[in-house]
Amino acid sequence: MSLAGNNRFEGTYPNFNMIGTYTLAIYARDSHGNISLPMQTKVHQTSINLPGSPLPPALDILITGTTVKISWNEVSNADSYSLSYAVYPYVEGAPVYTL
């Protein structure tokens with residue numbers, strides 16, 4: 001952890017490298033060793049972009065009635081593209097469609 005300015009601290013952890021839900025907890029400790037109750041939050045890692053993998057494309061989306069048109073610029077070093085969609089919020093067992 002380091003002081004980021006304006007009385008704010010920040011830390012970076014680069015190893016959320018498995019898909020799943022991570023629980024984070026932050027504690028404060030004073031000079032006497034007293035530790036606060038934790039402040040907790042969750043991080044939901046839904047996809048992994050491995051080093052050397054293409055970056056995800058930036059999408060342009062146009063909705064007309066019940067039709068959705070999605071377009072994007074070519075991504076360097078991508079060999080193909082896949083588009084999947086499902087209802088939101090996702091309900092376990094609901095179908096996932098791929099074009």
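Is Ile26 buried, partly exposed or exposed, and what is its relative accessible area? I opened the notebook with that. The model is a predicted one, and I kept that in mind throughout.

**Entry 1: Ile26**
I looked up the accessibility of Ile26 and got a relative accessible area of 42%. Buried would need under 20% and exposed over 50%, so Ile26 is classed as partly exposed. I then placed Ile26 in the fold: it belongs to strand β3, which covers residues 20-26. Ile26 also turned up in a nonpolar surface patch. Its partners there are Met1, Leu3, Phe9 and Met39. I noted about 630 Å² for this patch.

**Entry 2: Tyr22**
I stayed on strand β3 and went to Tyr22. Tyr22 has 22% relative accessibility, so it counts as partly exposed, the cut-off for buried being under 20%. I checked Tyr22 against His44 next. The two are 22 residues apart along the chain, and their C-alpha atoms are separated by 6.4 Å.

**Entry 3: Ile61**
I moved on to strand β5, residues 59-64, where Ile61 sits. Its relative accessibility came out at 55%, so Ile61 is put down as exposed, the limit being over 50%. From Ile61 to Ser71 I count 10 residues in sequence. In space, C-alpha to C-alpha, I have 6.7 Å for this pair.

**Entry 4: Ser2**
I went to strand β1, residues 2-5, for Ser2. Ser2 shows 38% relative accessibility and is partly exposed. I paired Ser2 with Asn77, 75 residues away in sequence. Their C-alpha atoms lie 36 Å apart.

**Entry 5: the largest pocket**
How much space lies in the largest pocket? I wrote down about 580 Å³. I then asked which residues are closest to its centre. They are Leu55, Pro56, Pro57, Ser82 and Leu83, out of 20 lining residues. I sorted the lining by class as well. I found 13 nonpolar and seven polar residues. No charged residue is part of the lining.

Key:
Residues are numbered from 1 along each chain as its sequence is written. This is a predicted model: local features need pLDDT of at least 70, side-chain atom pairs count only at pLDDT 80 or more; totals for chains, interfaces and linings use all residues. Side-chain values use heavy atoms; hydrogens and water are left out. On a 1 Å grid over the protein atoms alone, a cavity is a set of points where a 1.4 Å probe fits but cannot get out, and a pocket is an open set with protein on both sides within 12 Å along at least five of seven lines; lining residues have an atom within 4 Å of a point. Grid points are joined across faces, edges and corners, and a volume is the space filled by probe spheres set on the points. Ala, Val, Leu, Ile, Met, Phe, Trp, Tyr, Cys and Pro count as nonpolar, Asp, Glu, Lys and Arg as charged, and the others, Gly among them, as polar. Patches are made of residues with over 30% relative accessible area and no salt bridge: like charges are joined within 9 Å, nonpolar side chains (Val, Leu, Ile, Met, Phe, Trp, Tyr) within 5 Å. Accessible areas come from the Shrake-Rupley method with a 1.4 Å probe; for residues, only the protein chains shown count as cover. A salt bridge is a side-chain nitrogen of Lys or Arg within 4 Å of a carboxyl oxygen of Asp or Glu. Helices (H or I, at least four residues) and strands (E, at least two) are DSSP runs, numbered from the N terminus. Buried means under 20% relative accessible area, exposed over 50%, partly exposed in between (1.4 Å probe, protein chains only).
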